[in-house]
Amino acid sequence: MFNKYGAYGAIHALIAVMLGAFGAHALKDRLTDDMLNVFETGVRYHMYHAIGLFLLALAAERIGQGKGIRWAARLMHIGIFLFSGSLYALSLSDIKLLGIITPFGGLAFIVAWAVAAYSIWKAKSN
């Protein structure tokens, strides 16, 4: 699990940095302030959860690769695509309907952190 989700975390961090630079330089004069803020929110949560994936991979090496840790990592990965991806698409296209997808990504993040907390707590108490 460390190799797979550690790599996913590093790749997502790389993409988040690249998109952040793209937003700061290429989109600064092309998007409204509101849409640039939406894009930056996507980048911020993309990076938070890229780091989260990497930390889950490290946790799995320490406490074992249980089903909960794997599901937490999967949900973070899915959440990045749904939450950040929908915000990127919304800001670049201005299609408001894409905003319907964002809460599903947020829910994936919330559940991922809850499952991670439970799994780590359970491993510590054994």
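His-49 is counted as buried because its relative accessibility is 5%, where buried means under 20% relative accessible area, exposed over 50% and partly exposed in between (1.4 Å probe, protein chains only). The model is a predicted one, in which local features need pLDDT of at least 70, side-chain atom pairs count only at pLDDT 80 or more, and totals for chains, interfaces and linings use all residues. Residues are numbered from 1 along each chain as its sequence is written, and side-chain values use heavy atoms, leaving out hydrogens and water.

The setting of His-49 is helix H2; helices are DSSP runs (H or I, at least four residues) numbered from the N terminus. Contacts of His-49, leaving aside residues up to four places away in sequence, are with Met-76, Ile-80, Phe-109 and Trp-113, contact meaning heavy atoms within 4.5 Å. With Trp-113, the side chain of His-49 also makes a polar contact of 2.9 Å (a pair of N or O atoms within 3.5 Å, one able to donate a hydrogen and the other to accept it; residues adjacent in sequence count only if both atoms are side-chain atoms).

Turning to the core, the largest nonpolar one holds 26 residues, and Leu-53 and Leu-56 touch the most other members. Such a core is a set of buried Ala, Val, Leu, Ile, Met, Phe, Trp, Tyr and Cys residues joined through side-chain atoms within 4.5 Å. Two or more residues each come from helix H2 (33-63), H3 and helix H4 (102-125), with H3 giving the largest share, 10 residues.

Helix H3 itself bends by about 25 degrees at a kink centred on Gly-79, the bend being the angle between axes fitted to the seven residues ending at a residue and the seven starting there. After H3 comes Asp-94, with a positive phi near 60 degrees.
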